[in-house]
Amino acid sequence: MSDIWGSDIKVEVGKHLKLKNGKNKIRIGSRPHAANIHWEDSFAGKKKKAICPGSGCPLCNANRKYDPRYYVKVINRDDGQATILECGPMILTQIKKYASDSDYGNPMNYDISINKTGEGRNSKYSVMASPCKSSITAEEKTLLEAVDISSCVEPTPIDEIWDMGLVALPVDVPKPQESNVTDDDDWDSVE
Ligand SMILES: [Zn+2]
């Protein structure tokens with residue numbers, strides 16, 4: 001994934017750090033970016049994701065809730081790679097506590113362990129900072145620079161939300177087009 005010229009260093013969109021049960025050791029590599037995520041059922045039976053565009057959001061106007069999510073660049077200490085940690089307020093507030101504690105300060109200067117217990121929606125996360133301080137290396141910086149968070153937090157355009165076919169946003173069933181199909185006598189002769 002990383003060639004020495006740096007040109008091919010890229011983290012695939014959506015390839016986020018998957019927190020495993022137990023200890024996940026990371027180094028924070030950027031400020032957190034926030035997005036409010038709507039997860040909605042579609043008429044096609046699938047869950048669809050929309051990043052809330054804020055004012056004028058048709059889902060908010062329909063009193064639909066969203067999940068506040070935070071995206072932060074991290075170095076995964078398991079494999080040394082740069083990736084994106086997507087987390088909710090439970091993890092973020094704990095990191096913020098360390099960041100505002102003068103004994104720790106900026107979380108880019110020490111490792112953090114996120115301990116995960118439970119599964120899915122019942123997962124619990126506790127955050128513990130390492131007491132050892134160290135700087136992010138030049139190599140790690142290069143890896144982090146190649147990670148793009150903007151696509152994680154870019155609001156979904158309002159038109160696009162309407163076009164998702166969401167159950168929460170019923171639109172008038174489009175009028176059936178006048179049929180272009182005419183009787184084709186040729187088919188009748190096919191045996
Ligand atoms: Zn919204």
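# A walk through the fold, strand by strand

In strand 7, the residue that bridges to Ser113 is Met128. That pair is a handy place to start, and we can work outwards from there. Keep in mind that what you are looking at is a predicted model.

Ser113 and Met128 belong to an antiparallel pairing: strand 6 and strand 7 are joined by 7 bridges. The two strands form a hairpin with 6 residues between them, and in this hairpin Gly118 takes a positive phi near 85°.

Now step back and take in the whole chain. There are 6 helices and 7 strands. Reading from the N terminus, the order goes β-β-β-α-β-β-α-β-β-α-α-α-α. Of the 191 residues in the chain, 19% are buried. Contacts reach a long way along the sequence, too: among those with a separation of 6 or more, 71% link residues 24 or more positions apart.

How far can you trust the picture? The average pLDDT for the chain is 86, and 82% of the residues score at least 70. The start of the chain is another story, since pLDDT stays under 50 over residues 1-14. For that stretch the model has 14 contacts beyond four places in sequence. Where pLDDT is low, the predicted coordinates should not be read in detail. So let's leave that stretch alone, following the caution about low pLDDT.

Strand 4 is a good next stop. It pairs with strand 1 in the antiparallel sense over 3 bridges, and here Arg27 has Ile75 as its bridge partner in strand 4. Strand 2, residues 33-41, also pairs with strand 4, again antiparallel, this time over 5 bridges. Within that pairing, Ile37 finds its bridge partner in Asp67 of strand 4.

Then there is strand 5, which pairs with strand 4 in the antiparallel sense over 6 bridges. Two spots help you line them up: Val72 has Leu85 as its bridge partner in strand 5, and Ile75 stands opposite Ala82. Strand 4 and strand 5 make a hairpin as well, with 5 residues between the strands, and there Gly80 takes a positive phi near 75°.

Is strand 5 mostly covered or mostly open? It is mostly covered, with 5 of its 6 residues buried.

That brings us to the inside of the model. In soluble globular proteins, nonpolar side chains tend to be buried together. Here, the largest nonpolar core has 21 residues, and those with the most contacts inside it are Ile26, Ile28, Val72, Val74, Ile75, Leu85 and Ile112. Several elements give two or more residues to this core, including strand 1 (22-28), strand 5 (82-87), helix 2 (89-99) and helix 3 (138-145). The largest share, 5 residues, comes from strand 4. Val72 shows how things meet up: leaving out residues up to four places away in sequence, it touches Ile28, Ser30, Pro32 and Leu85. There is also a second, separate core of 7 residues, which includes Ile51, Leu59, Met164 and Leu166.

Have a look at Leu17 next, which is found in the segment before strand 1. Is Leu17 buried or exposed? It counts as buried because 21 other C-beta atoms lie within 10 Å, and the cut-off for buried is 20 or more. Its contacts take us back to the hairpin of strand 4 and strand 5: apart from residues up to four places away in sequence, Leu17 touches Val74, Asn76, Thr83, Ile84 and Leu85. The C-alpha atoms of Leu17 and Ala82 are separated by 9.0 Å, with the two residues 65 apart along the chain.

For a contrast, finish at Asn63, found in the loop between helix 1 (58-61) and strand 4. Asn63 has a positive phi of about 60° although it is not a glycine. What about its surroundings? Asn63 is exposed, because just 7 other C-beta atoms lie within 10 Å, and a residue counts as exposed at 12 or fewer.

Notes
Residues are numbered from 1 along each chain as its sequence is written. This is a predicted model: local features need pLDDT of at least 70, side-chain atom pairs count only at pLDDT 80 or more; totals for chains, interfaces and linings use all residues. A nonpolar core is a set of buried Ala, Val, Leu, Ile, Met, Phe, Trp, Tyr and Cys residues joined through C-beta atoms within 7 Å. Helices (H or I, at least four residues) and strands (E, at least two) are DSSP runs, numbered from the N terminus. Two residues are in contact if their C-beta atoms, placed from the backbone, lie within 7 Å. Two strands pair if DSSP finds at least two bridges between them. pLDDT is the predictor's confidence in each residue, from 0 to 100.
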